[in-house]
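The following exercises are to be worked through with the sequence and the structure at hand. Each task is followed by a solution in steps.

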Amino acid sequence: MAKYKPSERVTISDRKWPDNRIEKAPVWCSVDLRDGNQALASPLTVEQKLSFFDLLVKIGFRQIEVGFPSASPTEYEFIRRLIDEKRIPADVVIQVLCQAREPLIRTTMEAIKGAPAAIFHMYNSTSPAQRKYTFNKTKDEIRDIAVEGVKLVRKHLALAGNTPVRLEYSPESFSATEPEYAVEICQAVMDVWYPEGAPKGPRSVEGKIILNLPSTVESASPNVYADQIEYFCRHIRDRDSAVISLHTHNDRGTGVAAAELGLLAGAERVEGTLFGNGERTGNLDILNLAMNLFSEGVETGLDFSDIRGVTRIYTELTGMPVHPRHPYAGELVFTAFSGSHQDAIRKAFARRKAEAKENPGAELLWDVPYLLIDPKDVDREYEEIIRINSQSGKGGAAWVLEQEYGIFMPRAMQPVFGAAVTASADSSGRELSAGEIFALFERNWLKPANAALSVTDIAETHLDNSEVSCRATVNWQGRNCFIGGKGNGPLDAFVRALGDALRETGVPEFTVTAFHEHSVGSGSSTDAMAYVEITLADGRTFWGCGRSSNVGRAGISAVVSAVNNVV
Ligand code: KIV
Ligand code: ZN
């Protein structure tokens with residue numbers, strides 16, 4: 001295909017970045033209010049920008065690009081309101097974007113006057129396509145735009161009053177620019193920003209120059225961007241006098257990956273937006289990147305513990321939806337639909353609960369299958385993790401009863417229960433809620449309606465020889481029968497009484513082949529929950545469940561429930 005060509009490679013043979021690790025969070029700079037805002041169908045109003053700014057501060061951003069004040073009166077007014085109404089916390093630095101043109105530089109300086117501190121972000125385009133189509137200028141002429149622009153920034157610093165101003169320079173379309181030429185321009189910018197003879201590196205309050213290296217349009221795989229960043233870091237003179245910043249876009253869907261590899265390659269700062277909102281396919285999704293680091297135990301300095309709150313405010317302000325499968329924030333990201341996933345999660349939760357009991361106070365390493373992070377860390381609920389549909393398998397539904405209702409069904413009963421849940425989900429054609437699953441359990445096992453067998457009256461007497469005698473009136477298919485029997489406990493006595501009256505009652509003959517019980521609830525409302533399996537003469541088995549404040553009665557109810565399931 002002649003229309004497209006493979007991306008250019010960087011000449012770097014002994015690249016180091018593949019062996020590096022990100023052990024420290026980068027400096028985060030939000031560009032939501034500039035790059036993100038400019039990509040909205042309805043850009044934010046001043047009031048909306050103020051709310052967004054507060055959200056960004058609350059999350060923990062300490063560098064926030066607040067706009068392009070020379071480009072729009074709304075942006076100028078917003079920045080003035082931030083400053084005049086003293087809305088900028090002392091430790092937050094605002095950043096303003098500007099082209100390398102004198103009138104714009106003057107207006108931008110006036111816009112930031114009085115701010116606690118500011119980053120003046122100047123950019124010009126440097127790629128061959130931009131040089132050819134947009135500017136029709138040579139490499140030297142393009143470099144001169146940058147150099148003259150920085151001189152003008154220096155010249156007009158006084159217009160910002162006492163506000164300490166730090167310079168950020170972006171060779172726009174860096175990733176499509178020849179690497180040695182990008183170094184040449186940035187070097188020239190540094191040389192004019194740091195006055196001759198002045199010590200390089202952090203200069204009092206202004207701080208180091210920021211060299212921001214955008215993939216304005218993402219056009220190669222992330223490893224190529226990483227090579228470009230490593231090349232740049234190695235070749236820029238006075239590397240220690242600059243902060244290397246990344247600004248990725250997402251045209252190939254790898255904006256986050258490119259930023260991650262760029263950090264491995266030596267960058268120290270990133271620019272991006274919440275949920276990656278930005279031109280075309282968006283900017284670096286800063287929430288995604290920060291949470292990726294969080295998932296590897298890196299302190300990020302950004303607080304997404306209320307991820308729903310962040311999502312809600314973001315959606316309200318921008319009008320942009322968040323995809324249900326958006327990493328970390330999407331509605332479905334902590335939901336398992338597959339039965340085998342649910343089973344693994346359920347087992348892991350049970351085991352971890354036991355381990356936590358054995359080691360009180362110890363923080364357990366997160367290693368739950370299928371869940372990258374603990375949903376709790378972003379204020380998501382366990383109950384959202386599993387929803388039951390016809391694909392969920394036996395374990396999932398039982399897990400819901402355990403988690404939501406404290407009902408621990410024996411393993412052998414789970415397939416029977418799971419089949420009933422699957423049939424119900426199949427016929428409704430949708431997921432079942434926890435409430436619907438419990439209702440199904442109640443309807444089929446705990447309190448069956450129109451039951452063939454019911455107990456209308458019952459009394460047990462404990463005899464001397466640790467025997468129990470049971471007398472009861474049972475109703476079988478509308479007919480009352482009086483039964484009586486003895487056994488080694490109330491359940492046994494009732495089963496024998498029922499068995500002795502088979503002919504009279506017509507109840508099918510059975511033996512109890514499994515019995516389980518546990519307590520449910522707490523304090524004065526603690527009940528016994530009993531599960532009984534009966535086996536008929538023809539070998540068929542049926543489960544029944546009973547709940548009562550009296551252990552013996554719970555067992556008897558479970559037998560009655562099992563018999564009712566035969567009919
Ligand atoms: O994507 C880009 O190149 C930009 C620059 C202005 C930094 O947004
Ligand atoms: Zn951008």
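**Exercise 1. Polar atoms around the ligand**

How many Å separate a polar side-chain atom of histidine 249 from an oxygen atom of ligand 1?

*Solution.* The model is a predicted one, and every distance below is computed from it.

Step 1. Locate the side chain of histidine 249: one of its polar atoms lies 3.0 Å from an oxygen atom of ligand 1.

Step 2. Turn to histidine 247. An N or O atom in its side chain is 3.1 Å from an oxygen atom of the ligand.

Step 3. Add arginine 34, where a polar side-chain atom is found 3.0 Å from an oxygen atom of ligand 1.

Step 4. Consider the cover as a whole. On its own, ligand 1 has 260 Å² of accessible area, and the protein covers 96% of this.

**Exercise 2. The shell of the ligand**

Which residues surround ligand 1, and which helix and strands each supply at least two residues of the shell?

*Solution.* Step 1. List the residues: Arg34, Asp35, His121, Tyr123, Ser170, Glu172, Asn212, Pro214, Thr216, His247 and His249 surround ligand 1.

Step 2. Sort them by class. The shell consists of two nonpolar, six polar and three charged residues.

Step 3. Assign them to elements. At least two shell residues come from each of helix H1 (32–38), strand E4 (118–125), strand E5 (165–172) and strand E6 (209–215).

Step 4. Follow one shell residue outward. Asn212 belongs to the shell, and the side chain of asparagine 212 also makes a polar contact with that of glutamate 271, at 3.2 Å. Glutamate 271 sits in strand E8 (residues 269–272). Its relative accessible area is 0%, so glutamate 271 is buried.

**Exercise 3. Cysteines without a partner**

How many disulfides does the structure hold?

*Solution.* Step 1. Recall the term: a disulfide is a covalent bond between the sulfur atoms of two cysteines. The cut-off applied here is a pair of sulfur atoms within 2.5 Å.

Step 2. State the count: the structure holds zero disulfides.

Step 3. Check cysteine 233. The nearest cysteine sulfur belongs to cysteine 186 and is 11 Å away, and cysteine 233 is in no disulfide. Cysteine 233 has 12% relative accessibility and therefore counts as buried.

Step 4. Check cysteine 470. Here the nearest cysteine sulfur is that of cysteine 481, at 14 Å, and cysteine 470 is likewise in no disulfide. With a relative accessible area of 1%, cysteine 470 is buried.

**Exercise 4. Positive phi angles**

Is tyrosine 328 buried or exposed, and where does it lie?

*Solution.* Step 1. Place the residue: tyrosine 328 lies in the loop between helix H11 (307–318) and H12.

Step 2. Apply the cut-off. Buried means under 20% relative accessible area. The value for tyrosine 328 is 6%, so this residue is buried.

Step 3. Examine the backbone. Tyrosine 328 has a positive phi of about 70°, although it is not a glycine.

Step 4. Set tyrosine 370 beside it. Tyrosine 370 is in the loop between H12 and H13, and its phi is near 70°, again a positive value in a residue other than glycine. At 49% relative accessibility, tyrosine 370 counts as partly exposed.

**Exercise 5. Domains and distances along the chain**

Into which domains is the chain divided?

*Solution.* Step 1. Give the bounds: domain 1 spans 27–318, domain 2 spans 339–443 and domain 3 spans 453–566. The centres of domain 1 and domain 3, taken over C-alpha atoms, are 74 Å apart.

Step 2. Examine glutamine 342 in helix H12 (residues 339–358). Its side chain reaches the backbone oxygen of alanine 336 at 2.8 Å. Glutamine 342 has a relative accessible area of 0% and is therefore buried.

Step 3. Move to tyrosine 405 in helix H13 (residues 393–405). Glycine 521 is 116 residues away along the chain, and the C-alpha atoms of the two residues are separated by 8.5 Å. Tyrosine 405 counts as partly exposed, at 29% relative accessibility.

Step 4. Take a further pair. Valine 150 is in helix H6 (residues 139–155) and counts as buried at 0% relative accessibility. Valine 150 and valine 27 are 123 residues apart along the chain, with 23 Å between their C-alpha atoms.

Definitions and conventions. Residues numbered from 1 in each chain as written. Chains lettered and ligands numbered in written order. Predicted model: local features only at pLDDT ≥ 70, side-chain atom pairs only at ≥ 80, totals over all residues. Heavy atoms only, no water. Domains from an automatic or database assignment. Buried < 20%, exposed > 50% of the residue type's maximum accessible area, 1.4 Å probe, protein only. Near = heavy atom within 4 Å. Polar contact = N/O pair within 3.5 Å; in protein donor to acceptor, adjacent residues only side chain to side chain. Areas by Shrake-Rupley, 256 points an atom, 1.4 Å probe, with all protein chains shown as cover. Helix = DSSP H or I, 4+ residues; strand = E, 2+ residues; numbered from the N terminus. Nonpolar A, V, L, I, M, F, W, Y, C, P; charged D, E, K, R; others polar.
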